[in-house]
Amino acid sequence: MSHPDPERFRAQVAALQGALDGGDAAGFRHAFEELCGQMDCGLLPELKRITATAQSALARFSAEARLDVLAGHEVPDARKRLTHVVKLTDEAAHRTMDLVDSCGPLVDEAARGATLLLEKWKSYGERDLAFAALWPEQAATFLQRTRTDSEALRANLTELLMAQGYQDITGQIIRSVIALVDELEQVLSKLVCIAEGNEVTSLQRALPTPQDWQRGLGPQVAGIANGDAMSGQDDIDALLSQMAADK
Amino acid sequence: MSTVKFLVVDDFSTMRRIVKNLLQELGYNDITEADDGNTALPLLQAGSFDVLITDWNMPGMPGIDLLKAVRADAKLAKLPVLMLTAEAKREQIVEAVQAGASGYVIKPFTAVTLKEKLDKMLAARAAA
């Protein structure tokens with residue numbers, strides 16, 4: 001900090017005193033402004049410099065603090081989220097293939113039964129009455145079996161449909177990781193700006209607040225603490241009943 | 001029964017398709033879809049829907065805001081609203097119920113759960 005010249009100060013104070021003693025209001029104001037100007041020219045640039053340093057330190061601190069949280073918690077969490085995505089897609093693929101496997105024999109059996117009956121029907125046409133006599137009973141067995149198998153097929157189809165729900169869950173998780181990557185990019189470029197001595201522009205978008213559950217947090221991921229989370233539908237149903245009872 | 005008119009709101013088209021298929025399996029064929037609260041609300045205000053099924057976490061207007069907007073609209077205030085979402089925080093479920101959700105189904109869900117909650121909601125609606 002550059003100190004103002006003491007001799008100039010002394011002269012300005014004397015001028016101020018003289019104007020005051022002489023009742024010279026205009027002179028007093030002039031001397032006072034000059035004195036203030038003298039102080040400003042030393043203090044103001046210094047103050048500006050300190051403020052700028054403090055601002056940049058604060059910006060750096062907030063960027064570094066955020067980076068700390070990102071690196072310390074959110075990146076490891078993102079790894080868990082993506083691992084969970086791998087697990088969900090793996091389970092859904094296996095579930096789908098298991099269901100396809102269990103549908104195969106049902107369809108094969110229907111085809112086999114129908115072929116058999118068609119042969120019998122043909123023999124009936126050829127007046128082979130010994131064979132034909134068995135036809136109604138075999139047809140009834142076939143129809144019975146087909147009905148049961150069709151119900152199982154329908155249930156499997158529903159299950160196949162439900163298995164595709166993984167896309168919504170994994171999609172939400174992947175989106176949250178994309179948001180994290182976006183934020184990492186912004187914090188890192190902010191730090192680069194500060195390191196290069198450039199003026200830091202504010203982040204393009206407000207940083208997300210992890211506590212803000214109003215917008216939705218996405219699916220629960222094992223191993224990531226998310227406060228007071230319900231374990232499943234039964235847990236939720238119990239809470240709803242309790243709330244209804246408390247009303 | 002089959003004339004019940006549904007609006008299904010979810011930003012993931014796969015989930016809308018799953019819900020639509022399940023509803024059709026249950027015998028409901030009048031189903032409209034929307035991808036967030038902003039597109040759903042005008043549809044609700046213009047149409048005569050009987051049931052709203054909505055996700056929570058959606059870009060644009062989230063499901064909880066849609067629920068509040070529905071309850072704030074005199075014409076829609078009594079509409080049965082089922083939240084069908086992966087959101088599992090206790091505070092969220094409490095918030096949804098206080099905002100007037102008629103039911104809350106957590107994803108991943110089963111066809112049986114969806115049917116059970118729908119039946120309950122529709123029975124309550126018929127009794128009202």
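Does A225(A) count as buried or exposed, and how many C-beta neighbours does it have inside 10 Å? In this predicted model, A225(A) has 7 C-beta neighbours inside 10 Å and therefore counts as exposed, since a residue is taken as exposed if 12 or fewer other C-beta atoms lie within that distance of its own. The residue belongs to the loop that connects helix 5 with helix 6 of chain A, and its C-alpha atom is 72 Å from that of L20(A), with the two positions 205 residues apart in sequence.

The exposure of this residue can be set beside the overall form of its chain. Chain A contains six helices and zero strands, so that its elements, read from the N terminus, follow the order α-α-α-α-α-α. Because the radius of gyration of chain A is 41 Å, well over the 18 Å given by the globule rule for 247 residues, the chain is more spread out than a compact globule. Along the principal axes, the C-alpha atoms of chain A fill a box of roughly 145 × 50 × 30 Å, and buried residues account for 11% of the 247 residues of the chain. Among the contacts in chain A with a separation of 6 or more, 70% involve residues that are 24 or more positions apart. A further example within this chain is D101(A), which is located in helix 2 of chain A, a helix covering residues 25-125. With 10 other C-beta atoms within 10 Å, D101(A) is exposed, and its C-alpha atom is separated by 81 Å from that of L44(A), a residue 57 positions away along the chain.

The two chains meet through 29 residues of chain A, which are in contact with 28 residues of chain B. On the side of chain A that touches chain B, the elements contributing two or more residues are helix 4 (135-163), helix 5 (166-195) and helix 6 (233-246) of chain A. Sorted by class, this side of chain A comprises 12 nonpolar, 14 polar and three charged residues.

Chain B contains an open sheet of five strands, which are arranged in the order 2-1-3-4-5 and paired in parallel. Strand 2 (30-34) and strand 5 (103-106) of chain B stand at the edges and have a single partner strand each, so one side of each is left without a neighbour in the sheet. On average, and with direction ignored, neighbouring strands of the sheet are turned by 20 degrees against each other. Strand 1 of chain B is joined to strand 2 of chain B by five bridges in the parallel sense, and within this pairing V8(B) has E33(B), in strand 2, as its bridge partner. Towards the other edge, strand 4 (residues 81-85) of chain B runs parallel to strand 5 of chain B and is joined to that strand by four bridges, with I106(B) in strand 5 as the bridge partner of T85(B). Four of the five residues of strand 1 of chain B are buried, so this strand is largely enclosed by the rest of the structure. Helix 2 (residues 37-46) of chain B lies across strand 1 (5-9), strand 2 and strand 3 (51-54) of chain B, and runs at about 165 degrees to strand 1 of chain B.

The largest nonpolar core has 47 residues, of which L7(B), L52(B), I53(B) and M83(B) touch the most other members. Helix 1 (residues 13-25) of chain B gives the most to this core, contributing five residues. When residues up to four places away in sequence are not counted, L52(B) touches L7(B), V9(B), L44(B), V70(B), L79(B) and V81(B).

Two loops of chain B complete the description. L26(B) is placed in the loop between helix 1 and strand 2 of chain B, where it is partly exposed, with 16 other C-beta atoms within 10 Å. Although 89 residues separate L26(B) from K115(B) in sequence, their C-alpha atoms are 7.6 Å apart in space. P108(B), in turn, is found in the loop between strand 5 and helix 5 (111-127) of chain B, and the peptide bond leading from K107(B) to P108(B) is cis, with omega near -5 degrees.

How values were computed: Residues numbered from 1 in each chain as written. Chains lettered and ligands numbered in written order. Predicted model: local features only at pLDDT ≥ 70, side-chain atom pairs only at ≥ 80, totals over all residues. Pairing = 2+ DSSP bridges. Axes fitted to C-alpha atoms, helices over the stretch in contact; angles between N-to-C directions. Contact = placed C-beta atoms within 7 Å. Nonpolar A, V, L, I, M, F, W, Y, C, P; charged D, E, K, R; others polar. Rg over C-alpha atoms; globule rule 2.2 N^0.38 Å. Buried ≥ 20, exposed ≤ 12 C-beta atoms within 10 Å, placed from the backbone. Core = buried A, V, L, I, M, F, W, Y, C linked by C-beta atoms within 7 Å.
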